[in-house]
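Student: Could you pick one part of this protein and look at it closely with me? After that, I'd love to hear how the rest connects to it.

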Amino acid sequence: MANFVDRVVLHLRAGKGGHGVASVHREKFKPLGGPDGGNGGRGGDIVLRVDAQVTTLIDYHHGPHRTAPNGKPGEGDERNGAQGEDLVLAVPSGTVVTTRGGEVLADLVGDGTEFVAARGGRGGLGNKALASPRRKAPGFALLGEPGEESEVVLELKTLADVALIGFPSAGKSSLVSVMSAAKPKIADYPFTTLVPNLGVVTAGGERFTIADVPGLIPGASEGKGLGLQFLRHVERCHVLVHVIDCATLEPGRDPLTDLEVIEAELAAYVPHGELGGIPLAERVRVVVLNKADVPEARELAEMVQPDLEAQGYEVHVVSAVAHHGLKELTFALAGHVSRARAEHLEIEPARVVIRPKALDDQGFSVRREGGGEDEVFRVLGERPTRWVRQTDFANDEAVGYLADRLARLGVEEELLKAGAVAGSTVLIGPEDNAVVFDWEPTMAGGADVLGGRGTDLRLDDRSRPTRAEKREAFHDRKDAATAAREELDAERRAGYWTDDA
């Protein structure tokens with residue numbers, strides 16, 4: 001069991017976006033070269049990718065916490081930060097990704113299939129990207145966004161054409177060992193098989209895979225014994241083979257009773273409906289009466305075979321030890337698999353549709369909560385929440401820029417409609433991570449008087465003096481200095497300077 005794990009819970013954290021930088025271009029003879037701060041790099045995603053060489057989830061059982069690299073911050077001279085590398089996690093084919101609540105996010109089948117489980121945060125814009133004709137010299141930059149944090153469940157469902165099902169010690173592992181090259185553990189005690197054993201069987205021109213899965217006991221559909229591990233690995237199989245032990249000495253056990261118990265558990269188990277496929281109760285059934293090398297078992301098998309065939313089952317009497325009836329069974333299973341594959345190709349498989357939230361969604365809502373002194377106004381929406389996360393609240397200009405963006409979006413109007421007044425408590429963001437403000441409505445008149453944020457009047461002066469004007473200004477300064485020295489010298493000669501001491 002230590003080498004095979006088919007269910008794990010992953011705790012994922014995508015990379016943070018790098019911060020933008022506020023920088024001013026510096027060059028000889030250009031003291032005001034304008035903003036040149038670069039943008040921060042995007043944080044790395046966490047991607048689940050199917051790898052044909054991976055057959056178990058054991059790596060994630062020992063290391064369930066995974067974090068992607070962060071993006072690098074921007075630099076001056078318009079240098080953008082490097083993006084964080086995506087963290088790719090290899091998973092086996094047949095892995096189903098779900099939430100803790102059981103919602104299916106992705107069904108990963110086929111080598112190279114990918115699913116982005118956590119997206120990296122956006123990088124913040126530098127002041128070069130924030131500059132505009134109205135905001136020529138921004139003295140701030142935007143912060144990088146944090147990466148997504150998610151908790152997903154990985155569940156491996158074996159990809160096999162035929163599943164051998166039955167009570168513990170019914171001889172399933174022995175059948176796999178003689179029908180294929182697989183070498184599962186075989187012993188004379190229950191629950192020898194703790195993990196699925198896969199084998200490849202060739203019958204004429206047909207090749208198919210056969211799986212020996214953990215044994216079944218009454219109540220398996222409710223999780224007793226290894227039932228859930230068993231049932232999970234038969235969801236994708238085309239053909240179910242009931243392996244019945246005709247030589248058992250346990251009281252109350254006989255082939256007909258064993259078959260009824262297993263069928264009841266199959267009917268009670270509810271697989272993931274989102275994955276499509278045929279319900280377990282509707283799969284092709286084949287009954288194998290095993291251990292016919294024992295004389296008493298062979299007599300019992302021949303006795304119950306007519307009753308099972310009368311119920312509509314295809315029955316094979318075999319012996320894994322004596323290799324009796326195996327050739328007929330192999331070719332019969334090959335025929336069922338061939339027909340199931342042909343039918344499966346005609347049906348368009350159900351696709352898992354992922355609908356991520358739109359990052360540029362302009363919608364938002366204002367919700368009034370509490371009453372009296374505890375009254376607050378909560379602003380919910382992707383854009384306001386993202387803008388708040390990107391704001392450096394230690395920079396007054398950045399805070400003012402945030403206020404302008406919220407006002408243009410219409411947040412102030414909605415707050416007024418909801419009953420907010422100056423000094424009201426406003427929360428922006430989800431309940432578990434909101435930013436609190438004491439709201440002060442923006443005054444448009446004051447903005448007109450003070451001028452736009454991020455402006456520098458020195459950058460508006462585009463005139464450059466000519467050489468003659470520079471020479472004239474130089475001589476004017478010299479003449480003024482000479483006149484000042486002559487005036488001081490005349491005062492000294494006239495005796496205006498005295499020493500009171």
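Tutor: Happy to! Let's begin on the surface, where Glu469, Glu472, Asp476 and Asp479 gather in a patch of negative charge. Keep in mind as we go that this is a predicted model. Find Asp476 in the patch: this residue belongs to helix H13, which covers residues 467-493. Is Asp476 buried, partly exposed or exposed? Its relative accessible area is 46%, so Asp476 is partly exposed. The reasoning needs two cut-offs: buried means under 20%, and exposed means over 50%. We will use these again below.

Charged side chains can also pair up, so let's turn to the salt bridges. How many salt bridges does the structure hold? There are 18 of them. One joins Arg79 to Glu75, with 3.5 Å between the closest N and O atoms. Both partners are partly exposed: Arg79 has a relative accessible area of 46%, and Glu75 has 41%.

Another pair is Glu369 with Arg367, and here the closest N and O atoms are 2.7 Å apart. The two partners fall into separate classes. Glu369 has a relative accessible area of 19%, so Glu369 is buried, whereas Arg367 comes to 35% and therefore counts as partly exposed. A further salt bridge links the side chains of Glu382 and Arg389, at 3.9 Å from N to O. Arg389 counts as partly exposed because its relative accessibility is 31%. Some salt bridges share partners, and in this way Arg42, Asp45 and Asp86 are joined into one network.

Now stay with the strand that holds the Glu369 end of that pair. Strand S15 runs over residues 365-369, and Val366 lies in it. With a relative accessible area of 22%, Val366 is partly exposed. Which residues does Val366 contact, once its neighbours within four places in sequence are left aside? They are Phe377, Arg378, Val379, Glu414, Leu415 and Ala418. You can also look from Val366 to Ile428: they are 62 residues apart along the chain, yet their C-alpha atoms are separated by 9.2 Å.

Val50 tells a similar kind of story elsewhere in the chain. Look for Val50 in strand S2, residues 46-50. Its relative accessibility is 2%, which means that Val50 counts as buried. Not counting residues up to four places away in sequence, Val50 touches Val91, Pro92, Ser93, Leu108, Val109, Gly110, Asp111, Gly112 and Thr113. Leu89 is 39 residues from Val50 in sequence, while the C-alpha atoms of the two are 8.4 Å apart.

One of those contacts, Gly112, deserves its own look. Gly112 sits in the loop that runs from strand S6 (104-108) to strand S7 (114-118). Is Gly112 buried or partly exposed? At 41% relative accessibility, Gly112 counts as partly exposed. Apart from residues up to four places away in sequence, Gly112 touches Arg49 and Val50. Its C-alpha atom is separated by 8.3 Å from that of Ala52, although their positions lie 60 residues apart along the chain.

Loops hold two more spots to find. Asp77 is in the loop between strand S3 (65-67) and strand S4 (87-91). Its phi is near 65°, a positive value in a residue other than glycine. His323 is not a glycine either, and it has a positive phi of about 60°. You will find His323 in the loop between strand S14 (314-317) and helix H7 (326-346).

For a contrast with the surface patch, try helix H3, residues 172-179. Six of the eight residues of H3 are buried, so this helix is mostly covered. The buried ones are Lys172, Ser173, Leu175, Val176, Ser177 and Met179.

Finally, step back to the whole chain. Its secondary structure comes to 13 helices and 18 strands. Of its 501 residues, 42% count as buried. The chain exposes about 27900 Å², and carbon and sulfur atoms supply 51% of that area. Among contacts between residues at least 6 apart in sequence, 71% join residues at least 24 apart.

How values were computed: Residues are numbered from 1 along each chain as its sequence is written. This is a predicted model: local features need pLDDT of at least 70, side-chain atom pairs count only at pLDDT 80 or more; totals for chains, interfaces and linings use all residues. Side-chain values use heavy atoms; hydrogens and water are left out. Patches are made of residues with over 30% relative accessible area and no salt bridge: like charges are joined within 9 Å, nonpolar side chains (Val, Leu, Ile, Met, Phe, Trp, Tyr) within 5 Å. Accessible areas come from the Shrake-Rupley method with a 1.4 Å probe; for residues, only the protein chains shown count as cover. A salt bridge is a side-chain nitrogen of Lys or Arg within 4 Å of a carboxyl oxygen of Asp or Glu. Lys and Arg count as positive and Asp and Glu as negative; His and the chain ends are not counted. The place of a charge is taken as NZ of Lys, CZ of Arg, CG of Asp or CD of Glu. Helices (H or I, at least four residues) and strands (E, at least two) are DSSP runs, numbered from the N terminus. Buried means under 20% relative accessible area, exposed over 50%, partly exposed in between (1.4 Å probe, protein chains only). Contact means heavy atoms within 4.5 Å.
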